[in-house]
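User: I'd like a close look at one part of this complex, the packed interior and the pieces around it. Could you walk me through it in plain words?

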Amino acid sequence: MLEIRELFAKVEGKQILNGLSLNIGPGEVHAIMGPNGSGKSTLGNVLTGREGYEVLSGDVKFKGKDLFELDVEERAREGLFLAFQYPVEIPGVSNMEFLKASVDARRKHLGLPELSSFDFMKLARETTQKVNLDPAFLKRGVNEGFSGGEKKRNEILQMMLLEPSLCILDETDSGLDIDALQVVAAGVNAMRSADRSFIVVTHYQRLLDYIVPDYVHVLAGGKIVRTGDKELAKELEARGYGWLEQEGV
Amino acid sequence: MSQLFQQRALTLAAQQASAAALSDLLQSLRLQGAQDFERATWPGRKHEHWKYTSVQPLKNFEQADWAEGLYPDAAQLQSQLFVENATRLVFVDGRFNAALSDEMPSGISLFSSADAAAREVIAANLGKVVGSVDPQRRNLFAALNSAWTDDGLLIHVPRNTQLDKPVYLVAVSSSGLSVSNLRVLIVLEQGASAEVIEHFISADQQSFVNALTEIVVGDNARLHHVRLNLESENVSHVGGVHANLMRDASLKAFAIAEGAALKRIDYQLNHCGKGASLDFDGVYLARHEQQVDYHTCIEHRVPHCTSQQVFRGIVGDKARAVFNGRIHIFEDAQKTLAEMSNRNLLTSNTAEINTKPELEIYADDVKCAHGATITQLDETALYYLQSRGVSSEQARMMLSFGFVNELLMSLPQESLRNGLENWLRARFSEDRSLVSDQGSGKVLTAGV
């Protein structure tokens, strides 16, 4: 699904990723944990192609294609999805219009016919219920005036509608109360399948009680310094990151 | 050329006055208007309030036969109207058209058919709001409107009552080179409330429209006033909304205009009673070689009032837009809270926006904030849309649209909101002249 090899990248003149390598197979869930400033969010932004994130060297293959040959929107249409840590508010553009434009673009790319407004409305309404979001949110500006939890659920709503191949959840659990966390986790779990992979970036082991990962990686200093299974997350929760840094790995 | 227009305008006024058995109600208004108009300097580049807007298109009307227009096809008219659940009153080239209109509810009447009570209201208020402004600042075309007034519409809402339905005033200018005048007087007595929507449309013809609305929002009364200037781009429209807000009165105003040969709209809104509040949103669009000009003047004459003004515009191609926002806080108007913001998207190198905040503050204990900016699309929002598969081209379109649609989305009435949104969408689908290409997202490529 995704092969990252020796990735170096910088943002605002500062080198953040220092030779990061990671392989993600179809259907796998990988958790990435690590201290602040280790490059967790940078990874998501580099993979989606955000302006200002400069790749210095290394390569990334996404479903066999050279990811860096693709524009931001082409990556999305290929099935790469980033659930933002801080979803953007776009007043004046209705959530419904935004969702439909996104889904239309993806479907067109897949050679599927556009959904009619009626069918899309129906689908969107049904999906809001799955993430426990009031359908009235569809008529409001994108994320405009949404609470933190509502914004995160709106991200999951987009993920469900777009049916991506690879989903990167960037600290989707931050700022969520336990109810919202369960809604988000249930959404992710419902999406798990043999041909869809996840990268779950988080600070807290708590989320991994609900979304059980196949692999847990520790990102420090811009590269993966340790890989384990879900037990590693528990160890990190108990011991912090200091011991890994001391071990000098 | 200006003299010629002025002469003809005054002749027309005189003809109307002698032709009809004009109500004596209007005589002094007309006389005063004609006098003011005659004395006024014709707008030109040296005239501070007309520096950036050319009245040259009016030259076309100097030689024209200022005939009354033709009535439009009702079906064709229908397709352009969108406000529902309202009392529709249609004026064609300045004349009330009963056949196209709903029945007037009590309190609403033409000046010419006003009963004794209504005549009293007209006598007490007509020309008084316009006349309450410093003579130096009186508007030339407001004076012309008074000089030309031979009928008009009164919307009178008695004490502690409310209009059941919004008034949907549709003003159509129909035929080529027609000249029309519309005068509206809205009077809300103490504790009354109402909603009035003025919608200007036109055939794809040159015509000259002068439309002036005078408003008195009485003590503790609430008015929602909407003015839609959606005529074709060949029209020359000069218009004004002049309001006096009395004690604890509330005015929520919305204005939208697309540019045309000439489009100049003045808002003169006066806080006359303590505790009055104004919430005013405006949108303008200009493309091709259109011009659009909003002059707003908010006078805080008394203490403890608030005004909030948000204007946004998109200007493209070779169009020119003007926003001149004046806030005048009188010496006595302590504890005033006044805010004004004007943001603009410029979508071409040849487009022009002249934005000018004018603050005149004579009180020392007030809060007054203003900002006027040429803005760009939000890079983060662009990235967010693209990260969902939306092309950068479409994302820019959506964000440019959203830049002004944001103000539409807060309109309370659904059919109005949806109708305007569709109108706006149609503007964007015709061409890309309203779409900002700034902040073009670069493709991230792997370096060496």
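Analyst: Here is a walk from the nonpolar core outwards to a few single elements and residues.

Before anything else, keep in mind that this is a predicted model. The predictor gives the complex an ipTM of 0.96 and a pTM of 0.92. For chain B the average pLDDT is 90, and 93% of the residues score at least 70. The stretch to be wary of is residues 439–448 of chain B, where pLDDT stays under 50. The model does have 25 contacts beyond four places in sequence for that stretch. Still, where pLDDT is low, the predicted coordinates should not be read in detail.

Now the interior. The largest nonpolar core has 128 residues, and the two that touch the most other members are A:L7 and B:L420. Helix 8 of chain B (residues 392–408) gives the most to this core, with eight residues. What does B:L420 sit against, once neighbours within four places in sequence are set aside? Its contacts are B:F82, B:L228, B:L230, B:F254, B:I256, B:L408 and B:L411. Apart from the largest core lies another one, of 60 residues, with B:I215, B:L245, B:A253 and B:V315 among them.

Over in chain A, strand 1 (residues 2–11) and strand 2 (residues 14–24) run antiparallel, joined by eight bridges. One of the pairings puts A:F8 opposite A:N18 of strand 2. The two strands make a hairpin with two residues between them, and A:E12 in the turn has a positive phi of about 50°. Further along chain A comes helix 1 (residues 40–48), which is mostly covered, with eight of its nine residues buried. Those buried residues are A:K40, A:T42, A:L43, A:G44, A:N45, A:V46, A:L47 and A:T48. Right after helix 1 of chain A comes A:G49, with a positive phi near 95°.

A:G92 is worth a stop too. You'll find A:G92 in strand 7 (residues 90–94) of chain A. A:G92 has a relative accessible area of 0%, so it counts as buried. Beyond its sequence neighbours, A:G92 is in contact with A:G141 and A:E144, and with B:F401, B:G402, B:N405, B:E406 and B:M409 from chain B. A:D170, by contrast, is 78 residues away from A:G92 in sequence and 26 Å away in space, C-alpha to C-alpha.

Back in chain B, B:T296 is part of strand 14 (residues 291–300). Its relative accessibility is 2%, so B:T296 is buried. Away from its sequence neighbours, B:T296 is in contact with B:Y267, B:F280, B:Q309, B:F311, B:F323, B:N324, B:G325 and B:R326.

Last stop: helix 2 of chain B (residues 24–39). This helix has 16 residues and reaches 23 Å from its first C-alpha to its last, close to the expected 22 Å. Buried in helix 2 of chain B are B:L25, B:L26, B:L29, B:R30, B:G33, B:A34, B:D36 and B:F37. Looking down the axis of helix 2 of chain B, the buried residues fall within an arc of 165°, so they line one face of the helix. On the other side of helix 2 of chain B, B:D24, B:S28, B:L31, B:E38 and B:R39 are exposed.

Conventions:
Residues are numbered from 1 along each chain as its sequence is written. Chains are lettered from A and ligands numbered from 1 in the order in which they are written. This is a predicted model: local features need pLDDT of at least 70, side-chain atom pairs count only at pLDDT 80 or more; totals for chains, interfaces and linings use all residues. Side-chain values use heavy atoms; hydrogens and water are left out. Helices (H or I, at least four residues) and strands (E, at least two) are DSSP runs, numbered from the N terminus. The expected span of a helix is 1.5 Å times one less than its number of residues. Buried means under 20% relative accessible area, exposed over 50%, partly exposed in between (1.4 Å probe, protein chains only). The arc is that of the directions from the helix axis to the C-beta atoms. pLDDT is the predictor's confidence in each residue, from 0 to 100. Contact means heavy atoms within 4.5 Å. Two strands pair if DSSP finds at least two bridges between them. A nonpolar core is a set of buried Ala, Val, Leu, Ile, Met, Phe, Trp, Tyr and Cys residues joined through side-chain atoms within 4.5 Å.
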